[in-house]
Amino acid sequence: MTNVKLTTPALRAHNLPQTGSDMGTKAGRAIKMGVTLLGPALLAGCIKLEAPTEPIVIELNINITQEVIYRLAEDAGNTLDENSDIF
Amino acid sequence: MTKSAKNRIWLASGVAALIGLGVVAAPALAQRDPAYAAARAAGQVGEKMDGYLGVVGSGNAQLRAMVDDINIRRRAVYAEQAQAKGATLEEYAFTAGCLAISRTEPGEMYVAYSTGQWTARTASSPDRDPRCP
């Protein structure tokens, strides 16, 4: 800040972004008010989550029908045979 | 027939012979990497219901890297075949998983359908999803 003052004495410190808070300005006050109002609103919207005691199992394959599996079975069997290095 | 035409024929048959050798040699290469075979036999890796290989327990970095590599290759095969059969990647992978679990040998690990847990394959048939063929 001393440097700034020495090199550009016409500029006041609080006009420079690096001088920190601009909460004293009109825009700053608006932000402050927004944060003040937002705080309780966020807290009110919180849902309390508790860690489950049982592991969660997500069945991603629930939509796969037996019909499709049977249709693919022969081809899949060949795929396993032909790629026996990775199966 | 000109000399150059004859040369071309010789070259073509030579290339064909090389391709033929490649086809014959391919099945011999298609066996499990010794590290993979050892990990399977030791029950460190196993077959999951989704058609991919899994690390049993926490494993180690080397095992996880090997499993990831195999699964990337499996996924590529599944994607290609699924497209050819007009199925989704998940459908094809699941079907392959059914079969891969069937083909486990006693002592090898797989995820049992009724418990969702890693289970050692026994001499009896594996506990698979009821939709499996």
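Me: What pattern does chain A follow, read along the sequence?
Reply: This is a predicted model, where local features need pLDDT of at least 70, side-chain atom pairs count only at pLDDT 80 or more, and totals for chains, interfaces and linings use all residues. Residues are numbered from 1 along each chain as its sequence is written, while chains are lettered from A and ligands numbered from 1 in the order in which they are written. Helices here are DSSP runs of H or I with at least four residues, strands are runs of E with at least two, and both are numbered from the N terminus. Chain A has three helices and zero strands, and along the sequence that reads α-α-α.

Me: How much of chain A is buried?
Reply: A residue is buried if 20 or more other C-beta atoms lie within 10 Å of its own, exposed if 12 or fewer, and partly exposed in between, with C-beta atoms placed from the backbone. In α3(A), Ile69(A), Leu72(A), Ala76(A) and Thr79(A) meet the buried cut-off. Across the 87 residues of chain A, the buried share is 7%.

Me: Where is the kink in α3(A) centred?
Reply: Helix α3(A), residues 66-82, reaches 24 Å from first to last C-alpha, close to the 24 Å expected for its 17 residues at 1.5 Å a residue. That expected span is 1.5 Å times one less than the number of residues. The bend at a residue is the angle between axes fitted to the seven residues ending there and the seven starting there. The kink comes to about 45° and is centred on Ala73(A).

Me: Which helices of chain B help cover the buried residues of α3(A)?
Reply: Contact means that two C-beta atoms, placed from the backbone, lie within 7 Å. The contact between the chains takes 19 residues from chain A and 26 from chain B. The chain B cover over the buried residues of α3(A) includes α3 (61-85) and α4 (89-102).

Me: How do the residues of chain A that touch chain B divide?
Reply: Ala, Val, Leu, Ile, Met, Phe, Trp, Tyr, Cys and Pro count as nonpolar, Asp, Glu, Lys and Arg as charged, and the others, Gly among them, as polar. On that scheme, the side of chain A touching chain B splits into eleven nonpolar, six polar and two charged.

Me: What is the strand order of the sheet in chain B?
Reply: Chain B has four helices and four strands, running α-α-β-β-α-α-β-β from the N terminus on. Two strands pair if DSSP finds at least two bridges between them; β3 (109-111) and β4 of chain B have three and run antiparallel. The sheet is open, with mixed pairing, and its order is β2-β1-β3-β4.

Me: Why does the span of α3(B) agree with expectation?
Reply: Helix α3(B) has 25 residues, so at 1.5 Å a residue it should span 36 Å. Its buried residues include Met66(B), Ile70(B) and Tyr78(B), and their cover includes α3 of chain A together with α2 (34-41), β1, β2 and α4 of chain B. The end C-alpha atoms of α3(B) are 35 Å apart.

Me: Is Gly116(B) buried or exposed?
Reply: Gly116(B) sits in the loop between β3 and β4 of chain B. Its C-alpha is 9.3 Å from that of Lys48(B), although 68 residues separate the two along the chain. Because Gly116(B) has 12 C-beta neighbours inside 10 Å, it counts as exposed.
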